[in-house]
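Hi,

Here is the structure I promised to pass on. Please have a look at it first, and then read my notes below.

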Amino acid sequence: MRVIVLLLSLALHGLATEYAIISSTQLQNLSKLQIRAIFLKKLTHLKGLHIIPVNLPYNNRLRSSFEKEFVKMDESRLKSYWSKQHYLGERPPIIMKSEESALKFIQNVEGGISYVSLDKVDSIVNILYKWSDTGE
Amino acid sequence: MYNVLLSETKLVDKLILDQDRKARQVSKLINAHIESLEKEVMFLSRLDLMDDLLAEDIDKRVSRLLKQRKDDYGLDLEFHVLSSNYEILSSSNKTMIAKQFMFKNKLQATQGQFYIDKKLYIYTKIFASFENTKDIGFFILEYNLENLKFYLEHSVNEYAYMQRDDQHIGVEKSFNLKTINEKGVEILKEHIVVYQKMESLLEGWYIFYVVKKSIALEFFYEFIRFMLYLSPLLILLTLYMSKKFSRYIVSPIEELTEVTDEIVVSKDYSKLLYMSSSDEIGRLANSFNVLLNTTDKTLDASEAKSAFISNMSHELKTPLNAIIGFSQYLILYEKLTEEQLDLVSNIENSSQYLLEMIHGILDIAKIEAGKVDTNFQLLDCEKIAKDCFMMLEPLAYDKDLKFEFESKRCAVKHIETDEKIFKQILINLLSNAIKYTKEGKVSLELLTRDDKLIVEVKDSGIGIEKDEMGKLFKEFSRIENEISSEQKGTGLGLSLSKKLSHILGGDIYLQSDGKNSGTTAVFFLKLKD
């Protein structure tokens, strides 16, 4: 029985994907709250650096997980937030279609910040946080 | 021929105007097209999607968009998106991706255009959507100007092309024009070329409109040829028509003329015209007949009058002669008392006056009946005038008048005229002048002026008011004045003289400045050359 539970947990663990918040090398040591503020565009500059958050497309699993984990708002609340912001002249973060694009963007743009699967991250970018989602 | 040439130049002018309008229109269309392309470039370059450049467009989203736009246009054009270091990141043409853009040194400004051969490149820098000062690459439209062929007309008669330096779009053929201005027209041997400069993005290009003269004017030449062929036909038709209509129009008129000529010659006014037509000519003939009828009647009446007067005069002359004769016999041979002498003298005077009048009437009747016999001879006019002058000198002498004769201004010596009538006129005029002049002088002058022999009889007598002058030439009319009551006169003298002068082919008129300022009677004859 124990063995089964262990195997199951191992299997579950194996299925759970690990994600990472990545940023350009100049952007380091951000708190979770700062990350939330950045993706809500409440925080745009840090130490003279223009911070550019990059989202993945809507209905992307990774994006939903990220928003649940860091932004802490569900889809409908976010929608209403951005529609209000829209009238104030603020737009939601730019969207890259794929994780690869997002990664490339972070590599190329100073102050860029995004999130990708951990296994896609190479050495050039800076990993701020890691989290995993079991898909529950 | 002049007209033909005129219409040809007109046609050419119209052609030029037409071409010019077309060129302008097409130039406008092309400009609008190019401008719309430029706008497209601006629009696409500002899309948020361009941020993908920063991810090197690895998702191919930009490329897909560019391909789609290209397909939408369906023209020979390519969109390229370059990174800041001129690498082609995205393109509507897959094969271009990852290559270096060949003309990177042309990308100097934020936006602009340049030409490489027939390709127009419109470019603009791309800025990041999140930071509008951060340029992240270039957006380039590579447009093949051959696309514009679509706008350039081609037909047998005319074609259009564009030219910039040695680049042509449209036909390959071009014309070496002497000078090229902003716009202009050149009429070559076989072609008419209208050109104008193009604007904005197509600066440096010219649009040319060419018309082949022979073809454009073909219709015109065809028309002239047609007219040439047709003209003999037209002439024939005209001849035929004129011949046909002359029967209706000319022949009645000819008939009319014939009859009138005949009437004039024969003076037989009883003739009539016979016209069957009821048109204008028929009416003219009718009216003419009515006129003839009236004239005939009038002439009959006039003739009857003349005959009556002439007969009466003859009948009157016989007893008058008896009265005059017996009166003179009484005065000369009977011892009459003063009183009786006065009475008989009165009878004789009155009878003389009556006789004079009858002679006058007879003369006039003769003239009116056209029965004056004339005998035209070459005569010494000065001698005749002098004779008349001498004849009347005693009368002037009686009244103590200065009486002068002058002929220095007369350039002719001989004149062909009737002596009797000429003399009669001169005597009439002279005696009139003497009659109506109390004191002063009467002069007779013979002169020539403007092919005319003029006899002027001037007096310093009573003169005539202008409005009464016309009256003088009427029969039996005399102007009432102080002298007329003293002078006897029949009132036939001037009228007779005028009629006689007409017979000689001349005329008489009077000149006077009014009462008491003298009168000049002028009698002139046309000199035959």
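In chain A, take the contacts between residues at least 6 apart in sequence: 74% of them join residues at least 24 apart. Please keep in mind that this is a predicted model.

How much of chain A is buried? Of its 136 residues, 45% count as buried. The accessible surface of chain A comes to about 8100 Å², and carbon and sulfur atoms account for 55% of that surface.

As for secondary structure, chain A contains five helices and seven strands. If you follow the sequence of chain A along, the pattern reads α-β-α-β-β-β-α-α-β-α-β-β.

Over in chain B, I looked at one sheet in more detail. This open sheet has five strands in the order 7-6-10-9-8, and their pairing is antiparallel. Which strands lie at its edges? Those are strand 7 (167-169) and strand 8 (183-187) of chain B, each of which pairs on one side only. On average, neighbouring strands of this sheet are turned by 20° against each other, with direction ignored.

A word on the pairing itself: strands of a sheet are held in pairs through backbone hydrogen bonds, in either a parallel or an antiparallel way. At the strand 7 edge, the partner is strand 6 (residues 158-164) of chain B, and these two strands pair in the antiparallel sense over three bridges. If you would like a spot to zoom in on, try Arg164(B), which stands opposite Gln167(B) in strand 7 of chain B.

Happy to talk it through whenever suits you.

Best wishes

How values were computed:
Residues numbered from 1 in each chain as written. Chains lettered and ligands numbered in written order. Predicted model: local features only at pLDDT ≥ 70, side-chain atom pairs only at ≥ 80, totals over all residues. Heavy atoms only, no water. Pairing = 2+ DSSP bridges. Helix = DSSP H or I, 4+ residues; strand = E, 2+ residues; numbered from the N terminus. Axes fitted to C-alpha atoms, helices over the stretch in contact; angles between N-to-C directions. Buried < 20%, exposed > 50% of the residue type's maximum accessible area, 1.4 Å probe, protein only. Contact = heavy atoms within 4.5 Å. Areas by Shrake-Rupley, 256 points an atom, 1.4 Å probe, with all protein chains shown as cover.
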